[in-house]
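This briefing covers a sheet, the helices packed on it, and a ligand site. Please keep the structure open while reading.

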Amino acid sequence: MNAWRDLAIGGYFGGKNPWLFYHELLTSSLAKIIGANMEEITVTNTLTVNLHLMLMSFYKPTKDRYKILMEAGAFPSDQYAVETILKHFGLDPADALIEISPLGDEKLLHTDSIIATIAENANSIALVLLGGMNYYTGQFYNLEKITQAAHAIGAIAGFDLAHVVGNIPIELHQWKVDFAVWCSYKYLNAGPGAVGGIYVHEKWAGNIDTPRLGGWWGNDEKTRFKMEKGFIAKPNASGWNISTTPVFNMIGLKASLEIFDEAGILAIRKKSIHLTSYLEYLLHQLPQLSFEIITPNAVEERGAQLSLYFKENGRAIHDKMLENGIIVDYREPGVIRVAPAPLYCSFMDVYQFYVTLKEHF
Ligand SMILES: *Cc1c(COP(=O)(O)O)cnc(C)c1O
């Protein structure tokens with residue numbers, strides 16, 4: 001606010017954190033959280049917009065290879081993005097979309113069955129697009145193995161990491177993931193509508209000819225203000241930026257990332273594993289209750305979330321929690337998502353949840 005008052009438009013180039021480069025203040029912290037080079041990360045737009053931008057770059061359907069593999073029941077916005085992109089290319093989602101579901105009446109997807117489905121459609125899949133973590137079950141997928149399977153058939157591997165970034169440390173560069181997108185208002189705590197992020201592997205990000213939808217903020221700064229014809233992308237992920245950086249919006253993210261830097265994602269994860277396991281342990285002390293934990297019990301397949309499936313009264317139990325000041329989330333049919341986020345939830349909070357659940361059942 002002070003820089004804006006004192007410098008006005010001069011704040012783009014002057015002041016402590018010039019706005020022209022403001023998004024770059026966020027990339028080194030994110031690099032540690034997602035396991036990528038700074039050049040592979042940019043912060044811009046919000047998640048679904050970024051998903052569309054990545055689809056425009058990485059989904060290149062041909063006559064034979066045009067299918068997209070997703071999870072059945074993916075987050076609705078992701079489903080809408082894919083459906084509308086397919087229609088944009090004149091394709092019929094009923095034909096071009098492969099939706100993978102858990103086997104039989106299981107709730108979770110096996111990595112092996114994802115890989116088998118990729119192999120079965122080796123000649124037709126152009127893009128494997130999964131949520132890194134299923135928002136409903138809390139299952140975290142093996143991104144490295146899925147990426148390898150996609151690459152083995154000549155397809156692109158992209159992930160929606162809305163529930164992963166800031167929750168589970170990952171190694172996107174090392175795992176050779178092609179692209180990923182995320183929002184900053186879940187585990188990154190940057191506030192409602194916070195600016196989202198894009199990761200593009202350096203083999204694509206470093207190539208200014210990688211196709212994309214362009215705008216002046218993705219153009220080389222050296223020529224941006226010459227106002228000349230001819231888009232020249234920046235040779236890194238910020239070559240996907242389109243419009244002027246929303247500086248006010250980014251301030252919340254910057255403040256949050258400073259806390260991540262101070263704590264360290266590995267320490268956050270360590271506490272998280274204990275916190276979620278403690279929650280699981282307490283829930284197992286309630287055998288008389290008719291609910292099932294549908295999140296995997298292996299720690300490497302989950303983050304700071306347990307999804308509890310109540311055969312009945314799920315909604316009523318959720319409402320009781322809210323009345324008692326415990327924020328949980330309800331999804332039909334009967335699932336309460338409990339997320340002891342390690343940066344601000346304590347072991348006592350988890351215990352209090354257990355006591356409240358026990359009392360009100
Ligand atoms: C939260 C979430 C979104 C939200 O997208 P916005 O465009 O930021 O509203 C999309 N996909 C998944 C998987 C999510 O969890």
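A polar contact here is a pair of N or O atoms within 3.5 Å. The contact between the ligand and Asp 160 meets that cut-off: a nitrogen atom of the ligand is 2.9 Å from an N or O atom in the Asp 160 side chain. The model is predicted.

**Ligand site**
- Two side chains besides that of Asp 160 also have an N or O atom close to a ligand oxygen atom: Thr 48 at 2.5 Å and His 163 at 2.8 Å.
- The ligand taken alone exposes 390 Å², and the protein buries 84% of that.
- The residues around the ligand are Leu 47, Thr 48, Phe 75, Asp 78, Asp 160, Ala 162, His 163, Tyr 185 and Lys 186.
- Sorted by class, this shell holds 4 nonpolar, 2 polar and 3 charged residues.

**Sheet**
- An open sheet of mixed pairing is formed by 7 strands, in the order β1-β7-β6-β5-β4-β2-β3.
- Strands β1 (41-43) and β3 (97-100) are at the edges with a single partner strand each, so one side of each has no neighbour in the sheet.
- From one strand to the next, the twist averages 15 degrees.
- Strands β2 (residues 67-71) and β4 (residues 125-131) run parallel and are joined by 3 bridges.
- Ile 68 is opposite Leu 127 of β4.

**Helices on the sheet**
- Helix α3 (residues 47-58) packs on the sheet and touches β4, β5 (156-160), β6 (179-182) and β7 (197-200). The direction of α3 makes about 165 degrees with that of β6.
- Helix α4 (residues 76-88) also packs on the sheet, touching β2, β3, β4 and β5. The direction of α4 makes about 170 degrees with that of β2.

Key
Residues numbered from 1 in each chain as written. Predicted model: local features only at pLDDT ≥ 70, side-chain atom pairs only at ≥ 80, totals over all residues. Heavy atoms only, no water. Pairing = 2+ DSSP bridges. Helix = DSSP H or I, 4+ residues; strand = E, 2+ residues; numbered from the N terminus. Axes fitted to C-alpha atoms, helices over the stretch in contact; angles between N-to-C directions. Contact = heavy atoms within 4.5 Å. Near = heavy atom within 4 Å. Polar contact = N/O pair within 3.5 Å; in protein donor to acceptor, adjacent residues only side chain to side chain. Areas by Shrake-Rupley, 256 points an atom, 1.4 Å probe, with all protein chains shown as cover. Nonpolar A, V, L, I, M, F, W, Y, C, P; charged D, E, K, R; others polar.
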